[in-house]
Amino acid sequence: MPAAGAQTDDPPPLIALSRCPCSEDGEALNCEVPMNDKTPSAFLASDALTTFVGRQKDMAGLATLMATGSGRLITLMGTGGVGKTRLAVHFARTRHDTFPDGVVQVPLEEVTDPHLAAGAILEAAGAGQPTALPPLTAITEHFSNRKALLLLDNCEHLLPAIVPIATELLSTCPDLYLLVTSRTPLCVPSETVYVVPPLPTKATADRENDDADALSDAARLFIDRAGHSGVPLRSPHGVASVVNRIVQGLDGIPLAIELAAARARVMALDEIADALDDRLWLLGGGSRTAQARHRTMRASINWSESLLEPQERTLMRRLSVFSGGWTRAAAEAVCADEELHRTDILDLLAALVDKSLVAAEHLEGPPRFRMLTPIRQYAAERLTHEPVESAQVTERHGIYYTQLAEQSDRELWAMEKAGRAHLDLESANLRSAIDWACHEHRSEALRITTALNGYWRLRGRHTEGVAATELALASADPEPSPERALALATLCTLLFYKGDLARTIAAATQAIETAEDVDAPRAFVQGLTVLGTVTMFMDPRTGYPMLLKSAELAHGGEDRVAETDALTIMALCHLFQEDFTAMDQAVTQALDLAESINYANDIRWCLWATAHRALADGQLPEARALAQRATSLEGGGTFSQSCAVAMLSLCDTLAGNPETGRTRALAQLHAARKDAVRVGMGALLHALGTAELASGRVEEARTYCEGMCNAEGSGVGYLTWRAHEVLMHVCLATADPDQANTHADEINTIAEQLDNPRAAVIALCGHARAAAMAGDSGSAENLAYAALATAADRHWWPDTIACLEILTTIAVDRRRYERAALLIAGIEHARATTGFVRYPHEQRHWDSLTATTSQALPTTEPTSLRSQRAPMSIADMVEHVQRGRGRRARPSRGWQSITPVERQVAELAAQGLTNPQIAERLCIARSTAKAHIAHILTKLQIANRTELAAYMSSQQHLPAPVIDDSPGRRTNRLE
């Protein structure tokens with residue numbers, strides 16, 4: 001068992017407290033990196049469980065290089081097992097005071113694809129994925145203003161990717177230093193190569209007469225590690241003398257020393273020395289022209305292998321097929337056969353752990369095992385000498401991890417934190433299995449990639465998923481099959497999250513066509529959902545039938561994720577049309593299903609959509625509560641999280657706290673910029689524009705929302721009309737009614753495209769305000785009444801209040817001060833009740849109206865009379881202003897005063913349904929149902945539900961209530 005050591009590349013065979021990034025050198029340290037959904041922003045492997053021995057000269061040399069300024073890129077170069085990683089980590093740990101922005105270690109051993117190197121650096125640095133920026137740009141942006149040390153560990157197999165990254169970082173990040181470990185230099189300008197030597201095998205390098213009893217650093221390392229065996233070291237020739245002989249025979253290589261020291265528990269010190277001396281020449285391996293250290297390393301591992309029992313040797317050989325570690329169950333499934341029985345695997349594995357050829361790690365869940373890279377490479381070489389055995393073991397490995405991926409898909413591991421962590425640990429093995437299946441043209445390649453669809457999505461590993469899925473499709477049989485159809489559906493899903501909409505549509509179309517040809521309903525549903533999602537962003541009317549069909553086909557099927565996605569996107573489709581009744585029904589179904597499988601992403605979308613409904617209803621506290629719950633969910637993605645944060649920011653602003661809203665949105669903006677899907681970014685820009693407008697910074701608001709419009713163009717209509725709404729208010733705030741009309745026209749155009757009546761109401765209000773500002777009170781009045789008809793009928797109370805405020809302006813302009821006073825009192829009461837505040841320019845105008853009315857009223861009405869009046873409700877104010885607007889005006893009392901929605905509520909109440917039952921039947925909030933009942937009883941002048949039932953029974957012969965829809969002068973979809 002290797003002793004505890006510092007600079008050696010071999011980790012001690014002790015229980016690790018957490019997953020350890022294993023170096024290519026064979027070093028693994030106890031790394032306190034939490035395996036959770038949030039990668040820490042900077043980390044280093046923690047102090048190892050063993051002591052750091054020697055290396056004082058190397059530490060001083062590195063410190064000098066870095067202090068002189070010539071060492072912004074230092075490459076620690078040396079053979080495997082020489083201790084490059086341990087030295088780099090120990091040195092970096094002493095540099096925290098020099099680098100206030102942190103020291104970040106990036107373990108690259110398990111990254112086999114150069115295209116994934118940048119992503120590994122981003123993840124280790126906490127910069128995160130996915131990103132709309134090229135990976136190299138994202139890295140430079142992250143480090144551009146940071147004084148930090150970046151440790152790139154084990155780079156030699158990724159040099160084509162690392163060289164341009166290092167070059168760009170050095171040229172664009174002036175305060176960033178790079179410390180690299182590699183077997184070969186990077187060969188870039190300004191690189192300083194520091195060759196890491198073996199440990200000294202003599203106590204004093206410049207002593208003329210060596211003292212055999214003095215201990216060198218290499219000898220001290222051997223004694224330290226051998227001491228962990230618990231057996232005292234003895235030798236008639238003197239312990240120091242024999243140890244020096246051993247370490248000199250091993251050329252001072254730390255890994256070789258630790259492997260030899262592990263034998264102290266079963267061999268006497270002199271036996272170790274004699275065996276090593278006797279075997280070293282025979283076990284040299286490799287070329288005679290190779291460096292002696294390389295032959296010694298091979299000799300050390302070869303010697304350790306020669307001490308194994310035949311079955312132990314066979315297991316060691318077969319375990320080399322694993323990448324990044326394995327569990328006992330995996331070892332039994334992959335390595336057992338007629339020669340190695342499954343029941344023997346555990347004992348054989350324990351023997352390899354005891355002999356320091358396998359390391360055990362105790363994490364959450366079953367223990368995991370791994371080989372140090374030099375040993376794994378050695379064992380893999382041995383396996384290639386047994387081609388039949390190698391093919392069989394590799395096939396069993398591929399099949400096992402195919403089945404594990406499919407199990408994770410069936411059991412929805414991606415939805416749970418523990419499940420994602422499990423797949424994180426197995427990601428290297430899963431990639432190896434995909435590579436094997438692609439190389440052998442096996443269908444398992446398609447099966448693994450489709451099974452990992454949810455994991456890649458929720459982990460943000462879209463680039464990795466697209467690359468693997470495209471490779472699987474290219475290597476598999478091109479003939480249509482259910483597996484191919486599902487892989488195409490996986491591809492279009494991942495491409496959507498990368499923001500590549502053209503390829504998304506192409507892949508989705510191909511998935512749908514293939515699924516229809518081979519009767520693959522799951523693939524059809526996934527492909528149709530993605531195609532419907534892309535379509536509905538700008539054209540909900542076209543996208544909705546696709547989503548409806550996919551939801552119907554998915555209902556009751558095995559793919560609950562696909563069904564939840566279809567229902568959730570249906571809800572968003574209705575939201576983009578402001579059809580809240582239909583949206584509520586879809587949200588109810590989607591939320592129930594999403595919560596049953598802990599699907600955080602869709603839960604967040606449902607909460608976000610419902611918060612919009614609450615805002616439209618004037619329920620600001622409810623909207624805030626929904627947004628807070630949405631932002632507090634773990635998991636999901638940046639896309640949905642950014643939208644939830646934007647909603648919470650809007651709630652801050654609308655409640656009168658724009659600075660809080662601005663700060664909140666800005667904090668999320670950096671993460672949103674990296675998201676390839678821009679909806680979250682757009683939502684945040686709208687929230688920022690609204691916050692700036694509410695703070696009186698109109699030009700800042702203009703900048704945010706003009707940028708948003710330019711970015712969207714004809715993209716996401718929901719975002720574009722919201723941006724134009726803010727720009728319309730900016731123009732009103734700067735007394736530019738003509739330009740305000742232009743933005744209102746843009747809103748109305750999008751309202752037509754989306755079939756969105758609320759956007760049309762907003763446009764009408766903008767036109768009305770602009771007309772009033774221009775002195776055209778007649779047009780303003782007609783436009784305001786047209787908007788009011790829809791807003792009040794649908795109980796969009798904030799929009800209704802806006803319409804009433806415009807009519808108040810007209811009343812004051814026409815010197816109808818009594819009417820204005822009634823409206824002012826009611827509107828102030830409504831705003832105080834709902835909690836919505838005005839924009840500064842609106843408040844200034846309102847204060848002027850209030851002052852003018854207050855000054856005028858004493859000459860027309862006794863003050864005592866005004867003070868005795870209670871403020872009118874919103875519904876009463878609507879009835880008041882509509883009175884006298886012609887035959888289409890709805891009366892305030894009696895059957896004809898009942899709105900269509902109130903009639904539905906009255907009929908259900910007369911049937912005996914409770915408020916919760918009515919709310920469920922009509923897909924409305926319980927509080928809304930309760931409010932409807934109160935309005936109905938007041939309008940019909942009856943006292944309770946019993947009287948309502950009797951009234952409804954006697955009034956069945958009456959015609960339906962008249963819908964109030966006063967026309968406006970401008971062409972608008974509501975006319």
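These notes go through strands, aromatic contacts and internal spaces in a predicted model.

1. **Strand 4, burial.** Start with strand 4, residues 176-182. Seven of its seven residues are buried, so strand 4 is largely enclosed by the rest of the structure. Side chains in a regular strand alternate between the two faces of the sheet. In strand 4, Leu176, Leu178, Val180 and Ser182 point one way. Tyr177, Leu179 and Thr181 point the other way. Both sets are buried.

2. **Strand 4, neighbours.** Which strands pair with strand 4 in the parallel sense? One is strand 1 (residues 73-77), over five bridges. Here Ile74 has Leu179 as its bridge partner. Another is strand 3 (residues 148-153), over six bridges. In that pairing Leu150 stands opposite Leu178. So Leu178 and Leu179, which point opposite ways from strand 4, serve as reference points for the pairings with strand 3 and strand 1.

3. **The crossover.** Strand 3 and strand 4 are also linked through a helix. Together with helix 5 (residues 159-172), they make a β-α-β unit. The unit is right-handed.

4. **A separate small sheet.** Strands 6, 8 and 7 form an open sheet, in that order. The pairing is antiparallel. Strand 6 (326-327) and strand 7 (359-361) are the edge strands, each pairing on one side only. Strand 6 is joined to strand 8 (residues 368-370) by two bridges. Thr327 has Arg368 in strand 8 as its bridge partner.

5. **Aromatic pair at strand 4.** The whole structure holds 11 aromatic pairs. One of them is Phe99 with Tyr177, an edge-to-face pair. The centres are 5.4 Å apart, and the planes meet at 65°. Phe99 sits in the loop between helix 2 (84-93) and strand 2 (103-107), and Tyr177 in strand 4, so the pair ties together parts 78 residues apart in sequence. Phe99 is buried, at a relative accessible area of 1%. Tyr177 has 16% relative accessibility and also counts as buried, because the limit for that label is under 20%.

6. **Aromatic pair at helix 25.** Phe537 and Phe576 form a tilted pair, 6.0 Å centre to centre with 35° between the planes. Phe537 lies in the loop between helix 23 and helix 24 (540-554), while Phe576 belongs to helix 25, so this pair ties together parts 39 residues apart in sequence. Both residues are buried. They also belong to one aromatic cluster, whose other members are Phe496, Tyr497, Trp605, Trp608, Phe639 and Tyr718.

7. **Second largest pocket.** Its volume is about 960 Å³. The lining has 49 residues. Nearest the centre are Asn453, Arg522, Gln526, Asp559 and Val561. Several helices give two or more residues to this lining, among them helix 15 (387-410), helix 18 (444-451), helix 19 (453-459) and helix 21 (482-497). Helix 23 (521-536), helix 25 (560-576) and helix 27 (600-616) do so too. Which helix gives the most? Helix 25 does, with eight residues. By type, the lining divides into 27 nonpolar, 10 polar and 12 charged residues.

8. **Largest cavity.** How many cavities of 30 Å³ or more does the structure hold? There are eight. The largest has a volume of about 730 Å³. Its lining counts 39 residues, with Leu654, Glu725, Arg758, Asp799 and Tyr839 nearest the centre. Helix 27, helix 29 (638-654), helix 31 (679-694), helix 33 (717-733), helix 35 (757-773) and helix 37 (797-813) each give two or more residues to it. Helix 33 gives the most, with eight. The lining divides into 24 nonpolar, seven polar and eight charged residues. Helix 27 is thus listed for this cavity and for the second largest pocket.

9. **A loop contact.** Last, Gln896. This residue lies in the loop between helix 41 (874-882) and helix 42 (900-910). Gln896 has 24% relative accessibility and counts as partly exposed. Its C-alpha atom is 9.3 Å from that of Lys939. The two residues are 43 residues apart along the chain.

How values were computed
Residues numbered from 1 in each chain as written. Predicted model: local features only at pLDDT ≥ 70, side-chain atom pairs only at ≥ 80, totals over all residues. Heavy atoms only, no water. 1 Å grid on protein atoms, 1.4 Å probe; cavity = no way out; pocket = protein on both sides within 12 Å on 5 of 7 lines; lining within 4 Å. Points joined across faces, edges and corners; volume = space filled by probe spheres on them. Helix = DSSP H or I, 4+ residues; strand = E, 2+ residues; numbered from the N terminus. Nonpolar A, V, L, I, M, F, W, Y, C, P; charged D, E, K, R; others polar. Buried < 20%, exposed > 50% of the residue type's maximum accessible area, 1.4 Å probe, protein only. Pairing = 2+ DSSP bridges. Right-handed = clockwise from strand over helix to strand, strands pointing away. Phe/Tyr/Trp six-rings, centres within 6.5 Å; stacked < 30°, edge-to-face > 60°.
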